[in-house]
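When two protein chains are shown together, a careful reader can ask how they meet and how their arrangement is related. Please look at the sequence and the structure below with these topics in mind.

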There are 2 protein chains.
Amino acid sequence: MNQIVPSARARLKRLAKRGAYDRATVHAVLDASVVCHIAYVLDGQPYCTPTAYWREGDRLYWHGSSVSRMLQGQGAGLPVCLTATHIDGLVLARSGFNCSMNYRSVMVFGTASKVEDEAHKREALDAYVERLFPGRVAAMRRPTDKEVRATALIAMEIEEASVKIRSGPPHDDEDDLAAGIWAGVIPIAETIGALQPCPLLPAGIAPGAGTEPYVRDARFDEILRANVGGGLAPVEAGE
Amino acid sequence: MNQIVPSARARLKRLAKRGAYDRATVHAVLDASVVCHIAYVLDGQPYCTPTAYWREGDRLYWHGSSVSRMLQGQGAGLPVCLTATHIDGLVLARSGFNCSMNYRSVMVFGTASKVEDEAHKREALDAYVERLFPGRVAAMRRPTDKEVRATALIAMEIEEASVKIRSGPPHDDEDDLAAGIWAGVIPIAETIGALQPCPLLPAGIAPGAGTEPYVRDARFDEILRANVGGGLAPVEAGE
């Protein structure tokens, strides 16, 4: 029950030691992002569309500008591959061949379909706001019926998934270690800048309303995971 | 000549004011990233694979772990859609419907094929190292013939491309502006952390060797653009 067992399409072909398929790791990497890329096919042409998503159990949701084309003419179901990736660092080895990156990436396979039920749509859209800004839904005006109808909501069960993680220092050839060149890791993370109030904001309104986790220089991936009750970095599957 | 004219597949279906197709903007957004996501189809199944890439003129290159599956059984050409995306901020409006993100995204269509010529491969792989770490090639040992043969290099001409950019504050409904809720932008950027020397690094070797641009707290996208002679942020196509 805790494995999202991969078929051939989700199984890693190379560097299998970097792969993980357990549900906790899949969820942890998914929960650390808000933007994914979705691959789908229309008329034989592959498309790769960035979109914001969120998770509830083993179901993913998304909405937004890409949706009209994505589900255009596809009726109830469109096979997709959804991938979310973090770059955690550049790995500088003594040779180009051993240079690498530290990263966390999750690839999910499933069938996307539109959610038509308005109550379900309202609940899911609220969950998306809360996932980013805990407590904000109660402070915002409610969506109008027109807004809910104008929003296309897509749901997808996670049918199969795999995670790939690389972390840690470079792995050089023994013979290269004595070279007089610096080697190591340059860490990279998405971090938060200083909040920019809307120019139309009346005086005297402090941030609040779900912005509390967005402290300057905080890591975005850690905020996202904490917002859904996750811990810190996911289990590392290997180097 | 300065337009990469979109056909139907690259043309934005929604929010066309956010779209841009000029070559300078396409290149600028491509040059600000090192990891993209590539959509392709094998046996009718779409895949979305993250991979590092680099640009030379209107040609993109990539290599790495995904390549063996991506070109497996495809012979000389595989139609792909390659997308690179930056999240620049979370846009908090007074209503959920008007919440958004600031981002830059470029979507490129083309046909990927393997580069077999070994001299071409060596040149391109050197260019990749230099693109990330200017001056590093001269300080590293040269790739062996075995390493070059073990590396699959993929090239793709940019056949069509489009850029989507959102920037600036939220756009709220007039009636919502008086609500007593904070609205504005939470900026997000990929930033550099403190360099982590390899545990096997002999004493007395300072970073150097192409690491100079990676100053703590610097923005990764700006380093990447500066490394290829680009300016700062690309022209903004609209809000």
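The report below goes through the interface, the symmetry and the salt bridges in turn.

This is a predicted model, and the description begins with the contact between its two chains. In chain A, 87 residues are in contact with chain B, and on the side of chain B the number of residues taking part is 87. The size of an interface is often given as the accessible area lost when the parts come together. For chain A and chain B this buried area is about 7,400 Å², and 66% of it lies on carbon and sulfur atoms.

Polar interactions also cross the interface, where 22 residue pairs are found in polar contact, both residues of each pair having pLDDT 80 or more. Strand β9 of chain A, which covers residues 184-192, contributes the most to the side of chain A that touches chain B, giving 9 residues. Sorted by class, that side of chain A holds 56 nonpolar residues, together with 18 polar and 13 charged ones.

Which strand of chain B pairs with β9(A), and in what sense? The partner is strand β9 of chain B, residues 184-192, and the two strands run in the antiparallel sense, joined over 5 bridges. Within this pairing, Ile192(A) has Ile188(B) as its bridge partner.

The symmetry of the two chains can be described by a rotation of 180° with 0.0 Å of shift along its axis, which superposes chain A on chain B with an RMSD of 0.0 Å. The two copies are therefore related as by a two-fold rotation axis. Among the residues of chain A, Glu190(A) comes closest to the rotation axis, its C-alpha atom lying at 2.1 Å. The same surface serves both copies, since 100% of the contact residues of chain A recur in chain B.

Salt bridges are found both between the chains and within chain A: the count between chain A and chain B is 4, while a search of the whole structure finds 26 over all chains. The table gives two examples, with the distance between nitrogen and oxygen.

| Salt bridge | N to O distance |
|---|---|
| Asp176(A) and Arg141(B) | 2.8 Å |
| Asp58(A) and Arg23(A) | 2.7 Å |

In the pair within chain A, Asp58(A) lies in the loop between β3 (45-56) and β4 (59-63), whereas Arg23(A) belongs to helix α1 (residues 23-31), so this salt bridge ties together parts that are 35 residues apart in sequence.

Notes: Residues are numbered from 1 along each chain as its sequence is written. Chains are lettered from A and ligands numbered from 1 in the order in which they are written. This is a predicted model: local features need pLDDT of at least 70, side-chain atom pairs count only at pLDDT 80 or more; totals for chains, interfaces and linings use all residues. Side-chain values use heavy atoms; hydrogens and water are left out. Contact means heavy atoms within 4.5 Å. Buried area is the accessible area (1.4 Å probe) that two parts lose on being put together, summed over both. A salt bridge is a side-chain nitrogen of Lys or Arg within 4 Å of a carboxyl oxygen of Asp or Glu. A polar contact is a pair of N or O atoms within 3.5 Å; within protein, one must be able to donate a hydrogen and the other to accept it, and residues adjacent in sequence count only if both atoms are side-chain atoms. Helices (H or I, at least four residues) and strands (E, at least two) are DSSP runs, numbered from the N terminus. Ala, Val, Leu, Ile, Met, Phe, Trp, Tyr, Cys and Pro count as nonpolar, Asp, Glu, Lys and Arg as charged, and the others, Gly among them, as polar. Two strands pair if DSSP finds at least two bridges between them. Copies are superposed by least squares on the C-alpha atoms of residues with pLDDT of at least 70 in both.
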